[in-house]
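User: Please take a close look at one part of this model, the charged side chains and what surrounds them. Keep it brisk.

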Amino acid sequence: MTPRALAYLLFTLVLAGVFAGIIAYYFNRKRYERVEAPKHRMLADDDPPPGSAGDGREG
């Protein structure tokens, strides 16, 4: 194995390790609620349901 190929292999392993660390950090159970909260907030209804008092709109 040439030094160039060994350097390429080591660099690839380092990048794979960094990627695995990011995935492990991001999907950790302790951070689940904080990570998923923007998704649920984005899908929540902003408008009150039709027929509720005080909106003054017909809909």
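Analyst: Helices and strands here are DSSP runs, with at least four residues for a helix and at least two for a strand, numbered from the N terminus. On that basis the chain has two helices and zero strands. The model is predicted. The chain holds 59 residues, of which 3% count as buried. Its exposed surface is about 5,900 Å², with 64% supplied by carbon and sulfur atoms.

Now the charges. Side chains of opposite charge can pair when their charged atoms come close. The cut-off used is 4 Å, from a side-chain nitrogen of Lys or Arg to a carboxyl oxygen of Asp or Glu. The count by this rule is one salt bridge. Its partners are Glu36 and Lys39, with N to O at 2.7 Å. Both residues sit in helix α2, which covers residues 32-43. They are three residues apart there, so about one helical turn separates them. Their burial can be read off against two limits: under 20% relative accessible area is buried, over 50% is exposed, and the range in between is partly exposed. Glu36 has a relative accessible area of 17%, so Glu36 is buried. Lys39 has 40%, and therefore counts as partly exposed.

Arg31 is the contrast. Arg31 lies in the loop between α1 (3-26) and α2. Arg31 is buried, yet has no salt bridge. Which side chain of opposite charge is nearest to Arg31? The nearest is Glu36, and Glu36 is 13 Å away. The salt-bridge limit is 4 Å, so a pair at that distance does not qualify. What does Arg31 touch, leaving aside its neighbours within four places in sequence? Arg31 is in contact with Tyr25 and Tyr26.

Tyr26 leads on to the aromatic rings. A search of the whole structure gives one aromatic pair. Its members are Tyr26 and Phe27, with ring centres 4.9 Å apart and planes at 85 degrees, so the pair is edge-to-face. The angle cut-off for that label is over 60 degrees. Tyr26 is partly exposed, with a relative accessible area of 41%. Phe27 is exposed, at 58%.

Last, the nonpolar surface. Met1, Leu6, Leu9, Leu10 and Leu13 form a nonpolar patch. Together these residues have about 530 Å² of accessible area. Met1 belongs to the segment before α1. With a relative accessible area of 79%, Met1 is exposed.

In short, Glu36 pairs with Lys39 at 2.7 Å, whereas Arg31 is buried without a salt bridge.

Definitions and conventions: Residues numbered from 1 in each chain as written. Predicted model: local features only at pLDDT ≥ 70, side-chain atom pairs only at ≥ 80, totals over all residues. Heavy atoms only, no water. Buried < 20%, exposed > 50% of the residue type's maximum accessible area, 1.4 Å probe, protein only. Lys, Arg positive; Asp, Glu negative; His and termini not counted. Contact = heavy atoms within 4.5 Å. Patch = residues over 30% accessible without salt bridge, like charges linked within 9 Å, V, L, I, M, F, W, Y side chains within 5 Å. Areas by Shrake-Rupley, 256 points an atom, 1.4 Å probe, with all protein chains shown as cover. Phe/Tyr/Trp six-rings, centres within 6.5 Å; stacked < 30°, edge-to-face > 60°.
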